[in-house]
Amino acid sequence: MILDKINSPDDVKKLSLLEMQNLAEEIREAIIKKVNTTGGHFGPNLGIVEATIALHYVFNSPADKIVYDVSHQCYPHKMLTGRKEGFLEPEKYSKYTGYTAPEECEHDFFKVGHTSTSVSLASGLAKARDLKGEGGNIIALIGDGSLSGGEALEGLDNAAVLGSNFIVVVNDNDQSIAENHGGLYDNLKLLRETDGKAECNFFKSLGFGYVLVKEGNNVEKLIETFKRVKDSPHPVVVHICTQKGKGCKAAEENRENFHWILPHTLDENQPAPVFEESYTSITREYILNKAKEDKTVIAINAGTPGVFGFDKEFRAQMGKQYLDVGIAEEHAVACASGIATGGAKPIFAVMSSFIQRTYDQMSQDLCLNNSPITMLVYWGGISGADATHLCTFDIPLISNIPNMVYLAPTNKEEYLKMLDWSVDQTEHPVAIRVPMCGLKSTGVEDTTDYSVLNKYKVVSKCEKVAILGLGNFLGLAHKVKEELKINATIINPVFMTGLDTELLEELKKDHSLVVTLEDGELDGGFGEKIARFYGNSDMKVLNYGAKKEFTDRIALDELYKRYHLTKEQIADEIRACIS
């Protein structure tokens, strides 16, 4: 096995062409086996194998610095830079993160898991190199899908005029997660069809040198090209055409579904999936029905349709009432604001972790203009995710922007009622935190008038202790009450962006302790608003939620214990406080 001999990029340089071709197959075999066991990014890694081998054969990492965009195509790179055991030995499958990580290896330069960043990050490395009078190549690897992100375009615009060595490898597999969207992709297609000879060339128009490698999974041709551009004194783009999912028939034929896979997706005799109603399925059904009733309703997403159940069938049924803007949350929010201002009804679905990319647009383009859009925030909550995809920060980010209404439903009926109100109202930008817990249904229609802002729901009224369980954590509030074995008041706050001052004042009469539970970061979060309200009174307040920190693949149960979010810990601290 050739991979047995590879412990660093220096070992790659000793291989013959035939050995490198065989190495590519061994890497693919290892990726397929490992990712099918653990889950993870599948198609992107299978498509970039030959390019990774060629890069490490030609360039001298880490003296020459390779920066991976998103870095969900870094598995082959990790295997060639001393971390192969994490892909070959099942007991070590979880040893390394799925993204580049400088603490793991000198060949990684950034912790990266969000898109469109490589050109900007690498151009910074190039600028530092030039300021220090050093040498070496700087290489940014970016996929065609990532080119739709605003930061990628900003990075290219500035990198083109560096006036020194800078190499951008554009990995073009004619696919983002789903299909690509945007005018740029017409030019990529034109360049592919004309063997890079078209007069209209986006990269050349910026000032880059340009080379096309039509056979982007051909090690020999890649090596020839990388040797040509190595030590280039000016910025150059190497445009390589690769096959996403190469080496796995299922991934080649269904590139969207095999971008990222769950464990055991490829196993034979897999039981047919059993449909279970979920917040994703009821959202999908709601939007389809609403769009049929009202031709001004439009669903928007930014390049990640699978997260929201926006599959090919959904997209086809929605037709022109569906808009995928590519990986461009900034544009999505600003465009949604314009759509709302123009009299239509945008519903923008976004993953919590990607909210950070569009804070300015939420503040300025949306909330300052008070545009009545509906924003559905998915996956919000404490989780055991990778450090690059944490979803604990959306409450502080969203709930403190003026004019925004951020809602936290706790069951199916509340969620559907909030959706209906939000889509049809014209007074506020509204965000709804789609519950992360399993679907809960009361079976009773919600008749709440959500246009009356900041009115909390009292679920059960008692004395002495009031527990406010926000969104996902209303169930935890009930568990804490049971653990306490006292008749505590339970409140469903519903609104994360405002205070029910009348209710909070009322609690002062017969309560001595208020407890807040939120599935997110405490700093700047919901609980702090409650604590601040009671700050000049005798009311004691306990806030529970996540610490301000980047966690990395830590089990959820362990995080709950760390944050004192188990029912036993909370109950013990309440007893200590009231005694």
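1. In this predicted model, helices α4 and α11 are oblique to each other, because their axes cross at roughly 40° and an angle between 35 and 65 degrees is neither roughly parallel nor roughly perpendicular. Helix α4 covers residues 49-58 and helix α11 covers residues 219-229. Their axes come within 9 Å, and the crossing of α4 and α11 is right-handed.

2. The contact between these two helices draws on E50, A51, A54, L55, Y57 and V58 from α4, together with V219, L222, I223, F226 and K227 from α11. Sorted by class, the contact of α4 with α11 holds nine nonpolar and two charged residues, with no polar ones.

3. An open sheet of five strands follows the order β2-β3-β4-β6-β5, and its pairing is parallel. Its edge strands are β2 (65-68) and β5 (209-213), each of which pairs on one side only. Ignoring direction, neighbouring strands of this sheet are turned by 20° against each other on average.

4. At the β2 edge, four bridges join β2 to strand β3 (residues 138-143), and the two strands run parallel. One residue pair to look for here is V67 with A140, its bridge partner in β3.

5. Two helices that pack on this sheet can be described by the strands they touch. Helix α7 (residues 118-131) touches β2, β3 and β4 (166-172), and its direction makes about 175° with that of β3. Helix α9 (residues 184-193) touches β4, β5 and β6 (235-241), and its direction makes about 75° with that of β6.

6. A further open sheet of five strands has the order β14-β16-β15-β17-β18, here with mixed pairing. Strands β14 (457-460) and β18 stand at its edges; each has a single partner strand, so one side of each lacks a neighbour in the sheet. From one strand to the next, the twist averages 25°.

7. The mixed pairing can be followed at the two edges. At one of them, β14 pairs with strand β16 (residues 489-492) in the antiparallel sense, over three bridges. Within this pair, V458 has I491 of β16 as its bridge partner. Helix α20 (residues 501-510) packs on the sheet and touches β14, β15 (464-469), β16 and β17, with its direction at about 135° to that of β17.

8. At the other edge, strand β17 (residues 511-521) and strand β18 (residues 540-546) run parallel and are joined by six bridges. The bridge partner of V515 in β18 is L542. Between these strands the chain passes through helix α21 (residues 526-533), and the resulting β-α-β crossover is right-handed. Helix α21 lies across β15, β17 and β18, running at about 155° to β17.

9. Another helix pair is formed by α19 (residues 474-484) and α23 (residues 567-578), which pack at an angle of about 60° with their axes 9 Å apart. That angle makes α19 oblique to α23. The crossing of α19 and α23 is right-handed.

10. On the α19 side, the contact is made by L476, K479, V480, E483 and L484; on the α23 side, by K567, E568, I570, A571, I574 and R575. By class, the contact of α19 with α23 has six nonpolar and five charged residues, and no polar ones.

Conventions. Residues numbered from 1 in each chain as written. Predicted model: local features only at pLDDT ≥ 70, side-chain atom pairs only at ≥ 80, totals over all residues. Heavy atoms only, no water. Pairing = 2+ DSSP bridges. Right-handed = clockwise from strand over helix to strand, strands pointing away. Axes fitted to C-alpha atoms, helices over the stretch in contact; angles between N-to-C directions. Parallel < 35°, antiparallel > 145°, perpendicular 65-115°, else oblique. Left-handed = near helix turned anticlockwise from the far one by under 90°. Contact = heavy atoms within 4.5 Å. Nonpolar A, V, L, I, M, F, W, Y, C, P; charged D, E, K, R; others polar.
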